[in-house]
Amino acid sequence: MSETIFSKIIRHELPADVVYEDNEIMAFRDINPQAPVHVLVVPKVEIETVNDIKPEQAELIGKLVLTAQKIAADEGIAEDGYRLVFNCNRHGCQEVFHLHLHLIGGRQLRGISAA
Ligand code: 5GP
């Protein structure tokens with residue numbers, strides 16, 4: 001895969017509003033937030049899309065969800081609730097081809113049936 005802007009953010013070559021980082025995961029605020037809280041939870045390893053996740057990466061994917069859970073609590077939106085989204089490829093409106101989990105909340109979201 002060709003490198004995306006997220007690889008540069010992960011290497012701290014481009015600025016981002018980082019809210020969490022460990023050796024496997026970085027989470028930073030979306031540059032074009034769709035809600036008061038909009039954080040992207042990103043594995044440092046380059047995985048292009050959900051289609052490219054390997055079975056041996058299941059634990060990493062679980063950590064993405066648990067990291068989002070922690071950030072939601074830290075941001076004070078856990079009780080009211082939030083949405084976690086992976087967009088995949090064209091029909092999923094994926095724009096950046098480095099796997100990322102959207103954490104979106106901080107206001108009442110609309111249903112996704114017509115999204
Ligand atoms: P996708 O549509 O691929 O699921 O979502 C990509 C997200 O990355 C979009 O919500 C977009 O606003 C965000 N994004 C794109 N470029 C940058 C950037 O340079 N920095 C940050 N923080 N977010 C970005």
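Biologist: How do the residues of the shell around the ligand divide into nonpolar, polar and charged?

Modeller: The shell holds eight nonpolar, five polar and three charged residues, where Asp, Glu, Lys and Arg count as charged, Ala, Val, Leu, Ile, Met, Phe, Trp, Tyr, Cys and Pro as nonpolar, and the others, Gly among them, as polar. This is a predicted model, in which local features need pLDDT of at least 70 and side-chain atom pairs pLDDT 80 or more, whereas totals for chains, interfaces and linings use all residues. Residues are numbered from 1 along each chain as its sequence is written, and side-chain values use heavy atoms, with hydrogens and water left out.

Biologist: Which residues of the shell are the closest to the ligand?

Modeller: Of the 16 residues that surround the ligand (a heavy atom within 4 Å), the closest are D30, E95, V96, H100 and H102.

Biologist: Where do polar atoms of N87, I31 and V96 lie relative to the ligand?

Modeller: A polar contact is a pair of N or O atoms within 3.5 Å. Here a polar side-chain atom of N87 lies 2.9 Å from a ligand oxygen, a polar backbone atom of I31 lies 3.2 Å from a ligand nitrogen, and a polar backbone atom of V96 is 2.9 Å from a ligand oxygen. Two or more shell residues come from each of α1 (5–10) and β2 (25–29), with α1 giving the most, three residues; helices (H or I, at least four residues) and strands (E, at least two) are DSSP runs, numbered from the N terminus.

Biologist: How much of the ligand does the protein bury?

Modeller: Accessible areas come from the Shrake-Rupley method with a 1.4 Å probe. Taken alone, the ligand exposes 520 Å², of which the protein buries 85%.

Definitions and conventions:
Polar contact = N/O pair within 3.5 Å; in protein donor to acceptor, adjacent residues only side chain to side chain.
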